[in-house]
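User: Please take a close look at one part of this model, a small hairpin and the sheet around it. Then set that part against the rest of the chain.

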Amino acid sequence: MERGQRCQPLRLDQKHPSNRRHQENQEKTKLKASYYIAIDLGGTQIRAALADQGGRLLARFDQPTQAQTGPEAVLNRIVATVDRVWTDRSQQPVTAAGVSAPGPLNPWTGVVYTAPNLPGWDHYPLKEKLEARLGVPVQLGNDANLGALGELHFGAGQGVSDMIYMTISTGIGGGVICGGKLLLGADGIAGEIGHQIVVAGGPVCSCGNRGCLEALASGRSIARNAINALQQGRHSLITELVNGKLEAVTARIVAQAAAAGDPLSQHLLDEAGYYIGIGIANLLNLFNPRRVVLGGGVTRAGELLFAPIRRAVQTNALPIFTERVEIVPAALGDDVVLYGALALVMT
Ligand SMILES: [Zn+2]
């Protein structure tokens with residue numbers, strides 16, 4: 001409303017020179033206001049965006065990480081990616097850059113401890129290095145944690161202050177929002193919700209433990225379970241969809257077969273949904289969120305996955321927690337982490 005009032009004289013006489021100056025000044029104020037950079041460093045892609053103070057992405061660019069070239073070369077590529085979106089440093093003053101990185105890291109010092117998909121990253125001081133190269137303050141966060149912040153501020157978590165985000169793709173990760181804030185824990189590595197144990201002594205997980213949610217319901221696990229069943233002689237539409245090549249089976253193929261009515265695939269999604277529901281029930285009991293936001297490629301299966309999830313939540317969480325909680329799909333798709341990096345420095 002205040003802005004509208006300021007603009008009123010311009011509407012009366014747009015062509016008056018003093019009004020034009022006023023408009024130009026306003027433009028300058030707008031340009032000088034503040035911009036933000038968001039960077040999503042992944043094992044395969046580096047994405048960067050320039051955003052205005054309203055959180056709108058004005059420019060974006062991505063290119064391959066070429067992770068095998070090592071941290072210093074990847075740092076150069078991050079800077080080069082930023083250069084493509086931050087084209088006018090004098091007219092686009094940047095307040096801060098938010099960066100998402102995979103793997104465990106220290107969000108306060110900005111040191112990446114290790115990253116499974118980034119060879120050679122061993123206690124790499126990414127925040128310090130990027131600040132020196134970009135000349136702006138940098139904040140760093142874990143990718144799944146920042147996904148939670150992204151959905152909270154720009155996606156399906158808007159309007160609530162207690163929310164859990166779970167991303168179900170090759171692995172399972174997430175973030176916990178309590179009272180509007182991302183839960184970091186004592187060492188900044190909280191929210192590893194994919195490594196909660198849902199079946200004691202269950203299948204081996206990528207972390208080395210047994211029975212983690214990730215070992216039972218991730219995309220990788222769904223594909224593995226499908227392959228095992230097919231190797232045991234189960235008949236399924238999956239075999240046709242991959243032309244008999246079992247190594248080509250993915251969770252996406254399983255979802256495709258399930259949607260076409262394939263009983264084995266529907267059973268596999270039911271089973272994954274059941275374990276995800278158990279995991280969510282645990283999280284409801286612990287954190288009492290108002291909303292649970294589910295993202296990641298596996299959730300594209302839609303109701304074939306969400307229905308068993310909701311059933312398992314209903315039967316396994318205390319009723320007082322399930323009465324008012326909503327379980328909803330994520331809204332930001334592949335941009336979720338980029339928006340999270342933005343939220344990290346804007347909020
Ligand atoms: Zn694990």
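Analyst: In this predicted model, the hairpin of β5 and β6 has 4 residues between its strands, and Gly 110 takes a positive phi near 75° there. The two strands of the hairpin run antiparallel and are joined by 2 bridges. In that pairing Leu 105 stands opposite Val 112 of β6.

β6 (residues 111-114) also pairs with β7, again through 2 bridges and in antiparallel fashion. Val 112, which faces Leu 105 on the β5 side, stands opposite Tyr 124 in β7. Further along β6, Thr 114 has Asp 122 of β7 opposite.

Put together, the strands form an open sheet of 3 in the order β5-β6-β7, with antiparallel pairing. β5 (105-106) and β7 (122-124) are the edge strands; each has a single partner, so one side of each is left without a neighbour in the sheet. As general background, strands of a sheet pair through backbone hydrogen bonds, in either a parallel or an antiparallel way.

The sheet just described belongs to a chain with 13 helices and 13 strands. The chain has 347 residues, and 50% of them count as buried. Its C-alpha trace spans about 80 × 45 × 45 Å along the principal axes. Of the contacts with a separation of 6 or more, 61% are between residues 24 or more positions apart.

Another hairpin joins β1 to β2, here through 3 residues. Strand β1 (residues 35-41) and strand β2 (residues 45-52) run antiparallel and share 7 bridges. One of the pairs places Tyr 36 with Ala 51 as its bridge partner in β2. β1 also pairs with strand β4 (residues 94-101), but in parallel, through 6 bridges. There the bridge partner of Ala 38 is Gly 98 of β4.

How many of the residues of β1 are buried? The strand is mostly covered, with 7 of its 7 residues buried. Tyr 35, Ile 37, Ile 39 and Leu 41 point one way from the strand, while Tyr 36, Ala 38 and Asp 40 point the other way, and all are buried.

A further open sheet has 5 strands in the order β11-β10-β9-β12-β13, and its pairing is mixed. Its edges are β11 (181-182) and β13 (326-329); each has a single partner strand, so one side of each is without a neighbour in the sheet. Within this sheet, 5 bridges join strand β9 (residues 163-168) to strand β12 (residues 291-295), and the two run parallel. Thr 167 stands opposite Gly 295 of β12 in this pairing. Helix α10 (residues 263-287) packs on the sheet, touching β9, β10 (172-178), β12 and β13, and its direction makes about 160° with that of β9.

Ser 236 lies in the loop between α7 (219-231) and α8 (237-241). Is Ser 236 buried or exposed? Its relative accessible area is 11%, under the 20% cut-off, so Ser 236 counts as buried. Leaving out residues up to four places away in sequence, Ser 236 touches Leu 230, Asp 262, Leu 264 and Ser 265. One of these, Asp 262, is 26 residues from Ser 236 in sequence and 6.4 Å away in space, C-alpha to C-alpha.

Helix-to-helix packing can be followed at α5 and α13. Helix α5 (residues 143-154) packs with helix α13 (residues 336-346) at an angle of about 75°, and their axes are 7 Å apart. That angle makes α5 roughly perpendicular to α13. On the α5 side the contact is made by Asp 143, Leu 146, Gly 147, Leu 149, Gly 150, Glu 151, His 153 and Phe 154. From α13 the residues in contact include Val 336, Val 337, Tyr 339, Leu 342, Leu 344 and Met 346. By class, the contact has 11 nonpolar, 4 polar and 2 charged residues.

Finally, the cysteines. The structure holds 0 disulfides. Cys 207 counts as partly exposed, because its relative accessibility is 39%. Cys 212 has a relative accessible area of 0% and is therefore buried.

Key: Residues are numbered from 1 along each chain as its sequence is written. This is a predicted model: local features need pLDDT of at least 70, side-chain atom pairs count only at pLDDT 80 or more; totals for chains, interfaces and linings use all residues. Side-chain values use heavy atoms; hydrogens and water are left out. Axes are lines fitted to C-alpha atoms, for helices over the stretch in contact, and angles run from 0 to 180 degrees between N-to-C directions. Angles under 35 degrees count as roughly parallel, over 145 as roughly antiparallel, 65 to 115 as roughly perpendicular and the rest as oblique. Contact means heavy atoms within 4.5 Å. Ala, Val, Leu, Ile, Met, Phe, Trp, Tyr, Cys and Pro count as nonpolar, Asp, Glu, Lys and Arg as charged, and the others, Gly among them, as polar. Two strands pair if DSSP finds at least two bridges between them. A disulfide is a pair of cysteine sulfur atoms within 2.5 Å. Buried means under 20% relative accessible area, exposed over 50%, partly exposed in between (1.4 Å probe, protein chains only).
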